Amino acid sequence: DKHRTMDYAKKKVAELKKLLEAQGLDTSGRKAELVARLEAADEGDEAEMEVDAEGEGEEADDAKLDPSTLKVDQLKAELKKRGLDTSGRKAVLASRLQAALDGGDAEDEEEPAAPAKRVTGKKRGRAAKAKEIEENDDEEEDPVEAESAHKRARKALADKVAKSEASGKKKKRTPKVDEHAYGDAVYVDTAKDIPWDITLNQTNISSNNNKYYILQLIRTGSSYRAYGRWGRVGEARAGQTGSWAGHRSIQPKKIYEKIQIQNRQRFHESRL
């Protein structure tokens, strides 16, 4: 190297430029720059020769390398040296390294799928349903079919609401004739679907008042009568009763309404 440097230093600028031009290097600059450029080129050639020698040595080692005989840590070390992924099981690591040695794309290797677990009972049903939903999601939805399904759902909901309302009407309270009275049934206003049956309460703690008043319009055959019972809440005895009869419903209705108005000033309505 020293001899070569002395040779470059002894040469003239024109000679140095010819040497640089022959190597395809830049020929501009002073003599010292030209000499340095030639020396750097010579050092680069030597380094390249050393790299080539090392590469040949590595290729020879790779030819002797058998991934199937290596342990996990050895496989990971070889993969790391080549800048490859070191994750996965031993079989995956060996396959990845073998692909790299063969010159293939090791990244295309996939980890073998784990054996499917046996699914039974409810889990099988849930898995099948999830698979069906996933398959349906992959299919393109038909707008016409979607609109039709929406209409069917709305109709089903409307039918359900109507059925619920009808069921509620059937379960509506039908008052019974008071236990201390007689008659066929309590009169019901069919136009308004309201029974003529009312219970009024009067509570006044300071006066020790806790009273009730029951008022009904009772039908017996073709006759009607306004019936009332009142007394103190919680007492075992029946209390006082009153009955205002009539062959037609008009007169008992008027009596019923009159008594109701009179007692509502003193009692509070608790049941219709």
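This passage describes strand pairing, salt bridges and one helix packing in a predicted model.

We may begin with the strands, where β5 is a convenient guide. Strand β5 spans residues 209–220 and pairs in the antiparallel sense with strand β1, residues 185–186, over 2 bridges. Within this pairing, Val-186 stands opposite Ile-218 of β5. Strand β5 also runs antiparallel to β4, residues 197–204, and 8 bridges join the two. Here Asn-204 faces Asn-209 in β5. The hairpin made by β4 and β5 has 4 residues between its strands, and Asn-208 adopts a positive phi near 60°.

A further partner of β5 is strand β6, residues 223–232, with which β5 forms an antiparallel pairing of 10 bridges. Tyr-212 has Gly-231 in β6 as its bridge partner. Strands β5 and β6 likewise form a hairpin, this one with 2 residues between the strands, and Gly-221 in the turn shows a positive phi of about 65°. For readers following the side chains along these strands, it helps to recall that in a regular strand they alternate between the two faces of the sheet.

Turning to charged side chains, the structure contains 6 salt bridges. One of them brings together Lys-155 and Asp-159, with an N to O distance of 3.2 Å. Both residues belong to helix α7, residues 143–170, and because they are 4 residues apart there, about one helical turn separates them. Lys-155 is exposed, at 54% relative accessibility, whereas Asp-159 is partly exposed, with a relative accessible area of 42%.

Another salt bridge joins the side chains of Asp-178 and Arg-229, at 2.9 Å from N to O. This pair links distant parts of the chain, since Asp-178 sits in the loop between α7 and β1 while Arg-229 is in strand β6, 51 residues apart. Asp-178 counts as buried because its relative accessibility, 9%, is under the 20% limit. Arg-229 is buried as well, at 8% relative accessibility.

The loop between α7 and β1 also supplies a partner for β5. Asp-184 forms a salt bridge with Arg-219, and their closest N and O atoms are 4.0 Å apart. Arg-219 lies in strand β5 and Asp-184 in that loop, so the salt bridge ties together parts of the chain 35 residues apart in sequence. Arg-219 itself is partly exposed, with 30% relative accessible area. Elsewhere, Glu-78, Lys-81 and Arg-82 are joined into one network by salt bridges that share partners.

The last feature concerns helices. Two packed helices are described by the angle between their axes and the distance between the axes. For helix α4, residues 72–81, and helix α5, residues 90–102, the angle is about 35° and the axes lie 10 Å apart. The crossing of α4 and α5 is left-handed. On the α4 side, the contact involves Val-72, Leu-75, Lys-76, Glu-78 and Leu-79, while α5 contributes Lys-90, Leu-93, Ala-94, Arg-96 and Leu-97. The residues of this contact comprise 6 nonpolar and 4 charged ones, with no polar residue among them. Glu-78 thus appears in two settings, as a residue of the α4 contact with α5 and as a member of the salt-bridge network with Lys-81 and Arg-82.

Definitions and conventions
Residues numbered from 1 in each chain as written. Predicted model: local features only at pLDDT ≥ 70, side-chain atom pairs only at ≥ 80, totals over all residues. Heavy atoms only, no water. Pairing = 2+ DSSP bridges. Buried < 20%, exposed > 50% of the residue type's maximum accessible area, 1.4 Å probe, protein only. Axes fitted to C-alpha atoms, helices over the stretch in contact; angles between N-to-C directions. Left-handed = near helix turned anticlockwise from the far one by under 90°. Contact = heavy atoms within 4.5 Å. Nonpolar A, V, L, I, M, F, W, Y, C, P; charged D, E, K, R; others polar.
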